[in-house]
Amino acid sequence: MQMPKPSEEDKERFRAAVPDHPDVVVKPMFGNLGAFVNGNMFAGLFGPTIGVRLSEADRTLLESSERTVPFGPEERPMGGYVGLPEVWNEEGDGDQARARAWVMKAYAYVAGLPPKEPKARGKKK
C-alpha cells in the first residue's frame, strides 16, 4: 500500500482549515496529519487530500454537489470519510474558505459523538 507524503504546503493548508479550538489536537499519522476532538478524528490529510467525517446528510450533500474523492489508500478508502475536491487545493482563497467550512462541519459533527475510550494496554511479561 503506497502512502503518499503531503508537501509542507499541503500541511499548512490542512492546518489552516482546522478550527482553532483548545479541544482540537492535530497529530502525525503515518506520515500525514489527523485532526481530533475527544479522541475521534474529524479531518485528515492523505497526501494532498483533506478528508472529513460528516453526518450522513452532510456527506450526501457534499458528494452530490462537488467533485469529491475517496479518502485514504485507493485500494482501501476510509469508510465514513469523504475527500474534499482536489481542485480546491489550487483555486485560492474562496476554496480555502469552502474547505474550512466543511472541516468545521466535520468538527461539529464529531464533537457531538461520545469520546473515544482509551485502549487498554496489555501487561508486559
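**Briefing: fold, aromatic pairs and largest pocket**

Alanine 99 is buried, its relative accessible area being 9%, which is below the 20% cut-off for that class. The residue sits in helix α3, which covers residues 93–111. The model is a predicted one. Its protein chain contains three helices and five strands, and 38% of its 125 residues count as buried. The points below cover the overall fold, the aromatic pairs, two lysines placed over rings, and the largest pocket.

**Overall fold**

- From start to end of the sequence, the elements of the protein chain run α-β-β-β-β-α-β-α.
- The protein chain has a radius of gyration of 15 Å, close to the 14 Å that the globule rule gives for 125 residues, so the chain is as compact as a globular protein of that length.
- The C-alpha trace of the protein chain extends about 55 × 30 × 30 Å along its principal axes.
- Alanine 99 and threonine 68 are 31 residues apart along the chain, and 12 Å separates their C-alpha atoms.

**Aromatic pairs**

- Two values describe a pair of aromatic rings: the distance of the centres and the angle of the planes.
- Three aromatic pairs are found in the structure.
- In one of them, phenylalanine 46 and phenylalanine 71 have ring centres 6.3 Å apart and planes at 75 degrees, so the pair is edge-to-face; the angle is over the 60 degrees that this class requires.
- This pair joins distant parts of the chain, 25 residues apart: phenylalanine 46 belongs to strand β3, and phenylalanine 71 to the loop between α2 (56–65) and β5 (81–83).
- Phenylalanine 46 and phenylalanine 71 are both buried, and the relative accessible area of phenylalanine 71 is 3%.
- Phenylalanine 71 also pairs with tyrosine 81, at 6.0 Å centre to centre and with 35 degrees between the planes, an arrangement classed as tilted.
- Because phenylalanine 71 lies in the loop between α2 and β5 and tyrosine 81 in strand β5, this second pair ties together parts ten residues apart in sequence.
- Tyrosine 81 counts as buried, at 13% relative accessibility.
- Through these ring pairs, Phe46, Phe71 and Tyr81 are linked into a cluster.

**Lysines over rings**

- Lysine 27 lies over the face of phenylalanine 36, and its distance from the ring centre is 4.6 Å.
- Lysine 105 is placed over the face of tryptophan 102, at 5.3 Å from the ring centre.

**Largest pocket**

- Empty space left between atoms is shown by rolling a probe the size of a water molecule over them.
- The largest pocket holds about 320 Å³ of space.
- Its lining is made up of 17 residues, and those closest to the pocket centre are Met3, Phe30, Phe46, Pro73 and Met78.
- Two elements, β2 (32–37) and β3 (40–46), give two or more residues each to the lining of this pocket.
- Strand β3 gives the most to the lining, with four residues.
- By class, the lining of the largest pocket comprises twelve nonpolar, four polar and one charged residues.
- Phe46 thus appears under two topics: the residue is among those closest to the centre of the largest pocket, and ring pairs link Phe46 with Phe71 and Tyr81 in the aromatic cluster.

How values were computed:
Residues numbered from 1 in each chain as written. Predicted model: local features only at pLDDT ≥ 70, side-chain atom pairs only at ≥ 80, totals over all residues. Heavy atoms only, no water. 1 Å grid on protein atoms, 1.4 Å probe; cavity = no way out; pocket = protein on both sides within 12 Å on 5 of 7 lines; lining within 4 Å. Points joined across faces, edges and corners; volume = space filled by probe spheres on them. Nonpolar A, V, L, I, M, F, W, Y, C, P; charged D, E, K, R; others polar. Phe/Tyr/Trp six-rings, centres within 6.5 Å; stacked < 30°, edge-to-face > 60°. Buried < 20%, exposed > 50% of the residue type's maximum accessible area, 1.4 Å probe, protein only. Lys NZ or Arg CZ within 6 Å of the ring centre and 35° of its normal. Rg over C-alpha atoms; globule rule 2.2 N^0.38 Å.
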